[in-house]
Amino acid sequence: MTEQTTTNTNNEIVINIEEIISLIPHRYPILLVDRVIEFNPRQSVVALKNVTFNEPHFMGHFPGKPVMPGVLIIEAMAQSSAILVVKSLGEEMHGKIVYFMSITNAKFRRPVTPGDSLYLHINALQHRGSVWKMQCEGRVNGQKVAEAVITAKIMDS
């Protein structure tokens with residue numbers, strides 16, 4: 001894994017897009033994390049998804065009133081959670097991948113639309129063996145727009 005991490009004292013980027021691509025298998029059009037701005041190993045990450053009108057789902061969701069689908073907000077949380085797990089475990093993750101087991105308590109508070117910066121706050125609730133459970137929250141302009149609890153399992157790839 002590449003080491004492209006820089007420190008954040010409001011210079012923002014902690015994990016850039018090149019390193020994200022080295023950590024998780026997602027690619028366009030389903031890669032939904034642009035950068036990580038905070039990383040605390042085995043504890044938390046704050047990731048950023050810049051929502052743009054050019055994304056393919058906006059053509060049909062909804063014409064004339066573009067809204068980011070809730071399932072994609074959950075997916076962005078899941079990808080951010082995977083980044084937390086993989087980056088925390090480092091070389092232990094060689095030949096392994098993070099699969100999601102469950103998503104519970106999902107709630108959507110307001111629409112996410114083009115032009116929004118969606119901040120994904122992920123906090124590890126527990127990790128035992130190969131199973132991790134995380135509290136996830138999406139925020140736009142400091143306001144909670146979505147939340148969920150995600151459980152994931154590390155498996156051989």
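Trainee: How do E5 and strand E6 pair, and over how many bridges?

Mentor: In this predicted model, E5 and E6 (residues 143-156) run antiparallel and share ten bridges. For a landmark in that ladder, take Met 134, which stands opposite Ile 150 in E6.

Trainee: What links E5 and E6?

Mentor: A hairpin, with two residues between the strands. Look at Asn 141 in that turn: its phi is positive, at about 50 degrees.

Trainee: And which strand does E4 pair with through nine bridges?

Mentor: That one is E5: strand E4 (residues 117-128) and strand E5 (residues 131-140) are antiparallel. Arg 128 has Val 131 in E5 as its bridge partner. Here too there's a hairpin with two residues between the strands, and the turn holds Gly 129, whose positive phi is about 60 degrees.

Trainee: Where does E2 come in?

Mentor: Strand E2 (residues 44-50) joins E4 through seven bridges, again antiparallel. Find Ala 47 and you'll see Leu 120 in E4 as its bridge partner.

Trainee: How should I think about side chains along a strand like these?

Mentor: The general idea is that side chains in a regular strand alternate between the two faces of the sheet. For a single residue to look at, try Gln 143, which is in strand E6. Setting aside neighbours within four places in sequence, Gln 143 contacts Arg 110 and Gly 138. Gln 143 and Arg 110 are 33 residues apart along the chain, and their C-alpha atoms are separated by 9.1 Å.

Trainee: Which residues other than glycine have a positive phi, apart from the one in the turn?

Mentor: Start with the background: most residues other than glycine have a negative phi, and most peptide bonds are trans. Against that, Arg 42 has a phi near 65 degrees, and Asn 105 has one near 55 degrees. Arg 42 sits in the loop between E1 and E2, whereas Asn 105 lies within strand E3 (residues 96-108).

Trainee: Is Asn 105 buried or exposed?

Mentor: Exposed, because its relative accessibility is 52% and the cut-off is over 50%. Arg 42, at 36% relative accessible area, is partly exposed.

Trainee: Where are the cis peptide bonds?

Mentor: One joins Tyr 28 and Pro 29, with omega about 5 degrees. Pro 29 belongs to the loop between helix H1 (17-23) and strand E1 (35-40). Another joins His 61 and Phe 62, with omega about -5 degrees. Phe 62 is in the loop between E2 and helix H2 (70-89).

Trainee: Let's zoom out. What pattern does the protein follow along the sequence?

Mentor: The order is α-β-β-α-β-β-β-β, made up of two helices and six strands.

Trainee: What does the radius of gyration tell me?

Mentor: The idea is to hold it against the value for a compact globule: for 157 residues that would be near 15 Å, and the protein has 15 Å, so the two agree. Along the principal axes, the C-alpha atoms fill a box of roughly 45 × 35 × 25 Å.

Trainee: How much of the protein is buried, and what does the surface consist of?

Mentor: Buried residues account for 43% of the 157. About 8,300 Å² is exposed, with carbon and sulfur atoms supplying 52% of that area. As for charge, there are 15 positive and 14 negative side chains, and the centres of the two sets are 8 Å apart.

Trainee: What share of contacts join residues at least 24 apart?

Mentor: Among contacts between residues at least 6 apart in sequence, 60% do.

Methods. Residues numbered from 1 in each chain as written. Predicted model: local features only at pLDDT ≥ 70, side-chain atom pairs only at ≥ 80, totals over all residues. Heavy atoms only, no water. Helix = DSSP H or I, 4+ residues; strand = E, 2+ residues; numbered from the N terminus. Rg over C-alpha atoms; globule rule 2.2 N^0.38 Å. Buried < 20%, exposed > 50% of the residue type's maximum accessible area, 1.4 Å probe, protein only. Contact = heavy atoms within 4.5 Å. Areas by Shrake-Rupley, 256 points an atom, 1.4 Å probe, with all protein chains shown as cover. Lys, Arg positive; Asp, Glu negative; His and termini not counted. Charge placed at Lys NZ, Arg CZ, Asp CG, Glu CD. Pairing = 2+ DSSP bridges.
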